[in-house]
Amino acid sequence: MDRKEILRYLRTSSEIRDERTLGLVDWAAEKIINTAKPKSLYRIYDISVSTDGVNIGGTEFKSARLAENMAGCKRAVVFGATLGLGVDRLIKTALATDTARAMALSAAANVYIEEVCDSLEEELKAEHGVKLRRRYSPGYFDLDITQQKQLFGLIDLTKRIGITLTDSCQMVPSKSVTAFIGIED
């Protein structure tokens, strides 16, 4: 896990030399790696793009920014990834006794879930021989977080990898990501 990225999530300098802080970062990275049970799931859909949204598998996602991101694409990946509930429990337990440890664990988990997503993208490129656009998630810019429900309707994240949605469309486990990725032809 990239130590500099964990430090960035902690909003500290990546050039920090404080042994105590670096020890905490290394401890958190090890704990997250040993606790996480990464899972991911994806599906590829045909899409049509308009100026104010994207139709993915018959479901309309209203977002001019998403449409801009997907312009020229005829297919897209819909995916979800999670580190599992154990990571949430680990962070919650640390939060009750040591805020610094909880923050370090959360930062390390953020880095790890991004690495899981990056790895999935590399797998997609290798397996399907495609070039991918940047991933785009509900809650970014003008793609309302409530459209998370529609994304979940396209791919069975709850049954297959255990991600659920709260009434406010937050994901549980919290260290989870959903996104769309345009496939360039």
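Here is a short chat about helix packing, pockets and backbone oddities in this predicted model.

Colleague: Before we dig in, what kind of model is this, and how are residues numbered?
Modeller: It's a predicted model, where local features need pLDDT of at least 70 and side-chain atom pairs count only at pLDDT 80 or more, while totals for chains, interfaces and linings use all residues. Residues are numbered from 1 along each chain as its sequence is written, and side-chain values use heavy atoms, with hydrogens and water left out.

Colleague: OK, helices. At what angle do α4 and α5 cross?
Modeller: Roughly 155°, and the axes of α4 (residues 85–97) and α5 (residues 99–128) come within 6 Å. Axes here are lines fitted to C-alpha atoms, for helices over the stretch in contact, and angles run from 0 to 180 degrees between N-to-C directions. Helices are DSSP runs of H or I with at least four residues, strands are runs of E with at least two, and both are numbered from the N terminus.

Colleague: And what does that make α4 relative to α5?
Modeller: Roughly antiparallel. The cut-offs are under 35 degrees for roughly parallel, over 145 for roughly antiparallel, 65 to 115 for roughly perpendicular, and oblique for the rest.

Colleague: Which residues meet there?
Modeller: From α4, Val-87, Leu-90, Ile-91, Ala-94, Leu-95 and Thr-97; from α5, Thr-99, Arg-101, Ala-102, Leu-105, Ser-106 and Ala-109. Contact means heavy atoms within 4.5 Å. By class that's eight nonpolar, three polar and one charged. Ala, Val, Leu, Ile, Met, Phe, Trp, Tyr, Cys and Pro count as nonpolar, Asp, Glu, Lys and Arg as charged, and the others, Gly among them, as polar.

Colleague: How does α2 sit against α5?
Modeller: Those two pack at about 60° with their axes 8 Å apart, so α2 and α5 are oblique to each other. On the α2 side the contact includes Leu-24, Trp-27 and Ile-32, and on the α5 side Ala-104, Leu-105 and Tyr-112 are among the partners. That contact divides into twelve nonpolar, no polar and two charged residues.

Colleague: What about α2 with α4?
Modeller: The angle is about 145° and the axes are 9 Å apart. Lys-31, Ile-32 and Thr-35 of α2 touch Gly-86, Val-87 and Leu-90 of α4.

Colleague: Switching to pockets. What's the volume of the largest one?
Modeller: About 770 Å³. On a 1 Å grid over the protein atoms alone, a pocket is an open set of points where a 1.4 Å probe fits, with protein on both sides within 12 Å along at least five of seven lines, and lining residues have an atom within 4 Å of a point. Points are joined across faces, edges and corners, and the volume is the space filled by probe spheres set on them.

Colleague: Which residues are closest to its centre?
Modeller: Glu-114, Arg-135, Ser-137, Tyr-140 and Val-177, out of 30 that line the largest pocket. The largest share of that lining, five residues, comes from α5. By class the lining has ten nonpolar, nine polar and eleven charged residues.

Colleague: And the second largest pocket, what lines that?
Modeller: Leu-10, Thr-12, Asp-18, Arg-20, Thr-21, Leu-24, Ala-100, Met-103 and Ala-104. The space in the second largest pocket is about 190 Å³, and α2 and α5 each supply at least two of its lining residues.

Colleague: Last topic, the backbone. Which residues does a cis peptide bond join?
Modeller: Val-172 and Pro-173, with omega about 0°. Pro-173 is in the loop between β7 (171–172) and β8.

Colleague: What's the phi of Arg-11?
Modeller: Positive, about 60°, although Arg-11 is not a glycine. Arg-11 is in the loop between α1 and α2. For context, most residues other than glycine have a negative phi, and most peptide bonds are trans.
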